[in-house]
Amino acid sequence: MAEVEVFVGSIDQGTTSTRFIIYDRSAQAVGSHQVEFTQFYPQAGWVEHDPMEILESVRLCVQKAIDKATADGHNVDKGLKAIGLTNQRETTLVWSKSTGLPLYNAIVWMDARTSSICRKLEKELPGGRTHFVETCGLPISTYFSALKLLWLLENVDAVKEAVKAGDALFGTIDSWLIWNMTGGLNGGLHVTDVSNASRTMLMNLKTLDWDKPTLDTLGISAEILPKIVSNAEIIGTVSDGWPIFGIPISGCLGDQHAAMLGQACRKGEAKSTYGTGAFILLNTGEEVIESKHGLLTTLAFKLGQEAPTNYALEGSIAIAGAAVQWLRDGLDMISTASEIEELAAKVDSSGGVYFVPAFNGLFAPWWRDDARGVCIGITRFTNKSHIARAVLESMCFQVKDVLDSMHKDAGEKGEVKNEKGEFLLRVDGGATVNNLLMQIQADLLGNPVIRPADIETTALGAAYAAGLAVGIWTEDEIFASGEKVKLATTFYPTLDEGRRNKKVESWCKAVSRTFDLADLSL
């Protein structure tokens, strides 16, 4: 008798696009659909999304991916056993319990409107910028959800009134989607997972629960917060009105944590995801390591209610692929993002040009929200190929800055190396199809870079978590990485150390030029 087909669906709700990918039992994609959605920029430094548009983008992707897989002969209707969800982290919204409608647009993770709230808290709190680090692992920054929620509470009357009336629900994008997919007004579940909760500044990293002293200090009511669950458990089932009605949602992780799982990162292993931003995470196992070098202490994943909690050190870079989008949409230098590789390859160096994409400030390891973008070293010799190459190099320099900090924080014991004593960086995300970018990354690190056959590891990680919870895969199968590495492409460094050091020195000079530019006159 033929084996019955089994499938897991994965919703990957990112910063600029949404996709739904259907995986079979061997974790191969059999159907997918992706749509971009609108980015709103109401003022300089502000970025918003329409939560209703995001919800509809998910609905559309689910339907189209199922249609495609079915047209290819897969019985998805019968074989779909679980749904995993992964999402852009920190992006914050508040909606009405009684109408189900958002009370304001979602404020996106890279939005910098809360800088004055950050400054005020830094002055008022005895611990300054690091006041909450001991409990949540995060510094006070425009990046995290709690500050965005404070802005909504202070500036949006509808939010203030709904909180007062007991009608407000706060959540990151995972909470919004799960609430709507499990019934919405008719009994929708108000939950988030430990990885998304760890990015709000409100969760205690040790207890994995909302931290009461933090809530009291910030004046945030626990009533509006979702329940925290693990990354791999049956959260609820999809309600009527969805094409996947009755299927359990059994995996949920923030996008960078999902990518770690998709890359099967064990303790001591690191991955870098190149998307709108770039995010480097090192799994530190069950040990919480407090960074002394500008990184974040965060959760890696917790694969079940009773499973051990894995923690991570993270370096977040606000602008990576977004700089390429800027060349395309802002400057019309290229017409598609993929053209940058050919343009940059026309020259063998950036010709002394250094580009620092501090569009809304700099995240790790610098944490300077007063920084703004610079392009320096320009001469009459400079052409657009040099600038394109400098943009690619800027992503790789930023990743190197973070990894250097990681090496200092984790120490020799905290990292796994190969038999040659090399630290291997696993990479994923859309930008990694660019071979020149990957070669520049290996050259600037002086270490090999490994790109898996399937670069969409974020969606895969969410599928793994969901499948694990319903018994489709075991943890051993997910972490059996030997087979995956055979199918990977490895980029080896070719740049000599002397030249690498000189380039890094020039990059640091360029970064120092970005500081204290936020108040340049219009």
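A polar contact is a pair of N or O atoms within 3.5 Å; within protein, one atom must be able to donate a hydrogen and the other to accept it, and residues adjacent in sequence count only if both atoms are side-chain atoms. Such a contact is found where D496 caps the N-terminal end of helix α18, with a side-chain oxygen 3.2 Å from the backbone nitrogen of G498. The model is predicted, so local features need pLDDT of at least 70 and side-chain atom pairs count only at pLDDT 80 or more, while totals for chains, interfaces and linings use all residues. Residues are numbered from 1 along each chain as its sequence is written, and side-chain values use heavy atoms, with hydrogens and water left out.

Helix α18 is a good place to start. Helices (H or I, at least four residues) and strands (E, at least two) are DSSP runs, numbered from the N terminus. The expected span of a helix is 1.5 Å times one less than its number of residues. For the 16 residues of α18 (residues 497-512) this gives 22 Å, which agrees with the 23 Å between the end C-alpha atoms. Buried means under 20% relative accessible area, exposed over 50%, and partly exposed in between (1.4 Å probe, protein chains only). In α18 the buried residues are R500, K503, V504, W507, A510 and V511. These residues cover an arc of only 115° around the axis, which puts them on the same side of α18; the arc is that of the directions from the helix axis to the C-beta atoms. On the other side of α18, K502 and E505 are exposed. The cover over the buried residues of α18 includes β19 (354-356), β20 (374-376), α13 (384-410) and α14 (435-445), where contact means heavy atoms within 4.5 Å.

Helix α3 (residues 115-124) can be read in a similar way, with I117, C118 and L121 buried. Seen down the axis of α3, the buried residues fall within an arc of 100°, so they line one face of the helix. Exposed residues S116 and K123 sit on the face of α3 turned away from the buried side. Packing against the buried residues of α3 are α5 (145-155) and α9 (212-218).

What about the interior? A nonpolar core is a set of buried Ala, Val, Leu, Ile, Met, Phe, Trp, Tyr and Cys residues joined through side-chain atoms within 4.5 Å. The largest has 139 residues, and M201, I220 and L261 have the most contacts inside it. Helix α13 gives the largest share of this core, 13 residues. Another core, of 38 residues, lies apart from it and has A106, L169, I173 and I249 among its members.

Strand β5 (residues 80-87) has 7 of its 8 residues buried, so it is largely enclosed by the rest of the structure. Two strands pair if DSSP finds at least two bridges between them. Strand β1 (residues 7-13) runs parallel to β5 and is joined to it by 7 bridges, with F7 opposite L80. Strand β14 (residues 248-254) also pairs with β5 in the parallel sense, over 5 bridges, and here L85 stands opposite C252.

Finally, some backbone details stand out. Most residues other than glycine have a negative phi, and most peptide bonds are trans. A27, in the loop between β2 (17-24) and β3 (29-36), has a positive phi of about 65° and is buried at 13% relative accessibility. D332 has a phi near 55° and is exposed, with a relative accessible area of 64%. The peptide bond from A364 to P365 is cis, with omega near -10°.
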